[in-house]
Amino acid sequence: MPTPIIAGNWKMNTTVREAALLASHLRGSLGGVSGVEVVLCPPFVSLAEVARTLEGSPLKVGSQKMHYDDKGAFTGEVSPHMLLGLCQYVILGHSERRRDFAETDAIVNRKVRKAMQVGLRPILCVGELLADRQADREEAVVSASLRASLEGVTASESLVVAYEPVWAIGTGLAATSQQAQVMCALIRRLLSEQFGKEKATAIPILYGGSVTPANIQELASQPDIDGGLVGGASLNAAQFTQIVVTTASVRS
């Protein structure tokens, strides 16, 4: 069973000063918690400051995006080599990147392969729209997206997968623990087909979509859910701390 991961996606929130202050609070409240990998994903402009704030602590840093090329004329983009030394993780294929910035499975696939090549740990996001679930297409949609996003990927050691039903992100409407477990179990089966059962068992699968202190215990208790990709609650130090502490308690 993999070490659970709780990753906080701060999205386009916090100034550099606010990000450093939040990271400092979390370092203080979570520095002694064991059994859970904690990852903070601030906006790119705050990566260096958050990394400095967390230096020497067990908390890790992640980027919210990454380009697949090493360098070039890509105004506003961030290359994998710019991230090395600043963070250990990178979120790839988040539904907001897919929806608002036209990131396809093919683009996400190139990013996943590049991240693993340079030594960054990708948190690969997959999930279905509300219309997909209402039409009973959620398993087909997620299966196709995961397979395409991992095409040509042969190593699994650094991979993290996050199931994030798009209809639950930022809406306050979380998937039930049973719904989340069914989809995370599907992802585990698909990973087994690609990497073998033993390696698939070691890949952390996270749930993302309105994760709160109120629902994390039930989510983390599911056999195929190894933590959470937390949005809004990660901006509240007390709430995020409770999510991590509860996860550690459930999985101890």
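Q: Val39 is found in strand S2, so why is this residue called buried?
A: In this predicted model, the relative accessible area of Val39 is 0%. A residue counts as buried when its relative accessible area is under 20%, and the value of 0% meets that cut-off, so Val39 is called buried. In space, the C-alpha of Val39 is 8.7 Å from the C-alpha of Gln88, although these two residues are 49 residues apart in sequence.

Q: What makes strand S2 (residues 37-41) mostly covered?
A: Strand S2 has 5 residues, and 4 of them are buried, with Val39 being one of the buried residues.

Q: Why are strands S1 and S2 said to pair?
A: Two strands pair if at least two bridges are found between them. Strand S1 is joined to S2 by 5 bridges, and the two strands run parallel, so the requirement of at least two is met. As an example of a bridge, Gly8 has Leu40 as its partner in S2.

Q: How do you know that strand S8 (residues 227-230) pairs with both S1 and S7?
A: The rule asks for at least two bridges. Strand S1 (residues 5-9) is joined to S8 by 4 bridges, and strand S7 (residues 205-208) is joined to S8 by 2 bridges, so each pair of strands satisfies the rule. Both S1 and S7 run parallel to S8. Leu229 takes part on both sides, since Ala7 stands opposite Leu229 and Leu229 is also the bridge partner of Gly208.

Q: What makes the directions of the residues in S8 and S7 follow an alternating pattern?
A: In a regular strand the side chains alternate between the two faces of the sheet. In S8, Gly227 and Leu229 point one way, whereas Gly228 and Val230 point the other way, and all are buried. In S7, Ile205 and Tyr207 point one way, whereas Leu206 and Gly208 point the other way, and here too all are buried.

Q: How do you know that S6 and S7 pair?
A: There are 3 bridges between S6 and S7, in the parallel sense, and the cut-off is at least two bridges, so the two strands count as a pair. One of the bridges places Ala162 opposite Leu206 in S7.

Q: How many aromatic pairs are counted, and why is the pair of Tyr163 and Tyr207 called tilted?
A: The count comes to 1 aromatic pair. The ring centres of Tyr163 and Tyr207 are 6.2 Å apart, and the cut-off for a pair is within 6.5 Å, so these rings qualify. Their planes stand at 50°, which is neither under 30 degrees, as stacked requires, nor over 60, as edge-to-face requires, so the pair is called tilted.

Q: What makes this ring pair a tie between parts of the chain?
A: Tyr163 lies in strand S6 (residues 160-163) and Tyr207 in strand S7, so the pair ties together parts that are 44 residues apart in sequence. Both Tyr163 and Tyr207 are buried.

Q: Why is Arg97 said to sit over the ring of Phe101?
A: The charged end of Arg97 is 4.1 Å from the centre of the ring of Phe101, and the distance cut-off is within 6 Å, so the distance part of the rule is met. Arg110 likewise lies over the face of Tyr68, at 3.8 Å from the ring centre.

Q: Where else do Arg97 and Phe101 appear?
A: The largest pocket holds about 410 Å³ of space. Of the 18 residues that line this pocket, those closest to its centre are Met12, Gln64, Lys65, Arg97 and Phe101. Helix H4 (residues 95-100) gives the most to the lining, with 3 residues, and the residues of the lining divide into 7 nonpolar, 5 polar and 6 charged.

Q: Why do Ser210 and Leu54 both count as buried?
A: Ser210 has a relative accessible area of 18% and Leu54 has one of 3%, and both values are under 20%, so both residues are called buried. Ser210 is found in the loop between S7 and helix H10, and its phi is positive, about 60°, although Ser210 is not a glycine. Leu54 belongs to helix H2 (residues 47-54).

Key: Residues are numbered from 1 along each chain as its sequence is written. This is a predicted model: local features need pLDDT of at least 70, side-chain atom pairs count only at pLDDT 80 or more; totals for chains, interfaces and linings use all residues. Side-chain values use heavy atoms; hydrogens and water are left out. On a 1 Å grid over the protein atoms alone, a cavity is a set of points where a 1.4 Å probe fits but cannot get out, and a pocket is an open set with protein on both sides within 12 Å along at least five of seven lines; lining residues have an atom within 4 Å of a point. Grid points are joined across faces, edges and corners, and a volume is the space filled by probe spheres set on the points. Ala, Val, Leu, Ile, Met, Phe, Trp, Tyr, Cys and Pro count as nonpolar, Asp, Glu, Lys and Arg as charged, and the others, Gly among them, as polar. Buried means under 20% relative accessible area, exposed over 50%, partly exposed in between (1.4 Å probe, protein chains only). Rings of Phe, Tyr and Trp (its six-membered ring) pair if their centres lie within 6.5 Å; planes under 30 degrees apart count as stacked, over 60 as edge-to-face and the rest as tilted. A charge sits over a ring if NZ of Lys or CZ of Arg is within 6 Å of the ring centre and within 35 degrees of the ring normal.
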